[in-house]
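Student: I would like to go through the ligand site and the pockets of this model. Could we take them one at a time?

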Amino acid sequence: MILEPITKRRSHFSFSGEPVAQEKLLEIIEAATHAPSGGNNQPWRYYYALNGTSGFDALLGCLDEGNQRYADKAGALILSAAQMKYVYKDKEYKNSHAWHDTGLANSLLLIQAVAIGLKSHPMGGFDPEKARKVANLGPDYDPVVMIAVGYPGNEASLPADILKKQTAPRKRKPFEEIVKQL
Ligand SMILES: Cc1cc2nc3c(=O)[nH]c(=O)nc-3n(C[C@H](O)[C@H](O)[C@H](O)COP(=O)(O)O)c2cc1C
């Protein structure tokens, strides 16, 4: 059953601009927190802002221009970040799985978004140093990806090049190329 929201998930381009209800946003972030993590360090951190707020404009301003063209209509923007160090028995260590674990958490967030009728789009195209400043991230944290979340918009009002991406068939590598029995 869980395969259904997994296969339905797409990186969506057409958003309505309506702010996402805060409880829905917190619900998808809660899904992320159930991810497994090395040493149960839970390195993921989330910073979000709803459309119509100064926080949203600040996060939007971190995105590459190409991403801003559709993300400005998202109902919320999320910045995910990873805590790159952890403490064990009073000693500090580098967490070499911090990005991996944050990615795992992000994928749960994206799937829960589908399950509750929200569209989403993860984006690596942003200025990490700007994002660091906006979220006031300390040196032990790496910005990982930003995620646009929202309600579906009117596809007809998308610029032609973005509409083409939105309606393109989903491409996946052949199973044989990525799976090998040893
Ligand atoms: C780490 C990461 C970075 C991405 N960066 C961008 C981006 O900057 N802009 C964009 O439009 N899509 C971005 N995407 C979305 C991918 O293009 C998309 O996941 C891929 O084309 C597969 O399509 P699907 O998500 O609809 O299955 C990113 C996805 C990931 C996981």
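Tutor: The questions below cover the ligand shell and then the pockets. This is a predicted model, in which local features need pLDDT of at least 70, side-chain atom pairs count only at pLDDT 80 or more, and totals for chains, interfaces and linings use all residues. Residues are numbered from 1 along each chain as its sequence is written, and side-chain values use heavy atoms, with hydrogens and water left out.

Student: What is the distance from an oxygen atom of the ligand to a polar side-chain atom of Arg 172?

Tutor: A residue is near the ligand if one of its heavy atoms lies within 4 Å of it. Of the 14 residues around the ligand, Arg 172 is among those that come nearest, as is Ser 11. A polar contact is a pair of N or O atoms within 3.5 Å. For Arg 172, the distance to a ligand oxygen is 2.6 Å.

Student: Which element gives the largest share of the shell around the ligand?

Tutor: Helices (H or I, at least four residues) and strands (E, at least two) are DSSP runs, numbered from the N terminus. Two or more shell residues come from each of α4 (65–71) and β5 (119–123). The largest share, 3 residues, is that of β5.

Student: How many charged residues are in the lining of the second largest pocket?

Tutor: Among the residues that line this pocket are Arg 9, Lys 165 and Arg 172. Asp, Glu, Lys and Arg count as charged. Beside 2 nonpolar residues and 1 polar residue, the number of charged residues in the lining is 5.

Terms used. Polar contact = N/O pair within 3.5 Å; in protein donor to acceptor, adjacent residues only side chain to side chain. 1 Å grid on protein atoms, 1.4 Å probe; cavity = no way out; pocket = protein on both sides within 12 Å on 5 of 7 lines; lining within 4 Å.
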